[in-house]
Amino acid sequence: MENPDFLYFYVSEGKSYIKNKMVEIGYKPNRSLELKIAFKSVVNRQTYGKPNGEKILLDKMFLNKNRVLFNVGHETKKWKLDGTLQWNGKRRIPGPESHHYETMIINYSPSYFLLNGQVTIIFKSFEAYLGGENILNFKQKTMFVRIVKL
């Protein structure tokens, strides 16, 4: 089972599976503009063992259940512009009470958006680009479940 104080390596003795679904639609209204939207759904379940020998089937941690991506690309003879907005759905995360097996609460992170962009200038013999990631400045509110002083 999960315990924020320990890292476990073991072979899963139980049911585990992953199911992916993805839909992508691309549209090019003219030679210089390209639009793309995609949706991905992931069901990833794994059996975890409790100390008393019980087994429990849970979502695998840190994997988003759903994602949506929207991309716009524009290209001319001199410039390339590209922007991507991505929505990341909730995902299971450990909580400070994860080590209490009998009363364990399943925690999920909130969903969030990421925005990335890039501008490229084209010269005769090379290209130069400037890009930005996480332009909306998304930050995880709580970086650690808890800090234990030894």
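Modeller: Let's fix one cut-off before we start: a residue is buried under 20% relative accessible area, exposed over 50%, and partly exposed in between. Also keep in mind that this is a predicted model.

Biologist: Fine. Why does F138 count as partly exposed?

Modeller: F138 has 32% relative accessibility. Partly exposed covers the range between 20% and 50%, so F138 gets that label.

Biologist: And Y112, what makes that one buried?

Modeller: Its relative accessible area is 12%. Buried means under 20%, so Y112 is called buried.

Biologist: How many aromatic pairs does a search of the whole structure find?

Modeller: Two. Y112 and F138 form a stacked one, with 4.2 Å centre to centre and 10° between the planes.

Biologist: Why is that pair called stacked?

Modeller: Two values matter, because a pair of aromatic rings is described by the distance of the centres and the angle of the planes. Centres have to lie within 6.5 Å, and planes under 30 degrees apart count as stacked. Y112 and F138 come in at 4.2 Å and 10°, so the pair passes on both counts.

Biologist: Which parts of the chain does the Y112 and F138 pair link?

Modeller: Distant ones: Y112 is in strand β8 (residues 112-122), while F138 is in the segment after β9, 26 residues apart.

Biologist: Another ring, then. How do you know that the charged end of K90 sits over the ring of Y108?

Modeller: For a lysine, NZ must be within 6 Å of the ring centre and within 35 degrees of the ring normal. The charged end of K90 is 4.6 Å from the centre of the Y108 ring, so the distance fits. I have no angle to quote, but K90 is listed as sitting over that ring.

Biologist: On to charges. How many salt bridges does the count come to?

Modeller: Three. One of them joins D59 and R45, whose closest N and O atoms are 3.1 Å apart.

Biologist: What makes D59 and R45 a salt bridge?

Modeller: The nitrogen has to be within 4 Å of the carboxyl oxygen. At 3.1 Å, D59 and R45 qualify. D59 lies in strand β3 (residues 55-59) and R45 in strand β2 (residues 33-49), so the pair ties together parts that are 14 residues apart in sequence.

Biologist: Is D59 buried or exposed?

Modeller: Buried: 9% relative accessibility, set against the limit of 20%. R45 is partly exposed at 23%.

Biologist: What links R45, D59 and K65?

Modeller: A network of salt bridges. D59 also meets K65, at 2.9 Å from N to O, so that contact is within the 4 Å limit too. K65 has 26% relative accessibility, which means partly exposed.

Biologist: How do you know that the side chains of K80 and E127 meet in a salt bridge?

Modeller: The N to O distance is 3.3 Å, and the limit is 4 Å. This pair links distant parts of the chain, K80 in strand β5 and E127 in strand β9, 47 residues apart. K80 is partly exposed at 27%, and E127 is partly exposed at 45%.

Biologist: Y129 lies in β9 as well. Why is Y129 called exposed?

Modeller: Its relative accessible area is 61%. Exposed means over 50%, so Y129 clears the mark. Y129 still touches Q118, V119 and T120, leaving aside residues up to four places away in sequence. The C-alpha atoms of Y129 and K80 are separated by 8.8 Å, with their positions 49 residues apart along the chain.

Biologist: Now the strands. What makes β4 and β5 a pair?

Modeller: A pair needs at least two bridges. Strand β4 (residues 66-75) and strand β5 (residues 79-88) have nine, in the antiparallel sense, so they are paired. They form a hairpin with three residues between them, and R67 has N88 as its bridge partner in β5.

Biologist: How many bridges join β5 to β8?

Modeller: Ten, again antiparallel. W87 has F113 as its bridge partner in β8.

Biologist: And the whole chain, what does its secondary structure come to?

Modeller: Zero helices and nine strands. Buried residues make up 21% of the 150 residues.

Definitions and conventions: Residues are numbered from 1 along each chain as its sequence is written. This is a predicted model: local features need pLDDT of at least 70, side-chain atom pairs count only at pLDDT 80 or more; totals for chains, interfaces and linings use all residues. Side-chain values use heavy atoms; hydrogens and water are left out. Helices (H or I, at least four residues) and strands (E, at least two) are DSSP runs, numbered from the N terminus. Buried means under 20% relative accessible area, exposed over 50%, partly exposed in between (1.4 Å probe, protein chains only). Contact means heavy atoms within 4.5 Å. Rings of Phe, Tyr and Trp (its six-membered ring) pair if their centres lie within 6.5 Å; planes under 30 degrees apart count as stacked, over 60 as edge-to-face and the rest as tilted.
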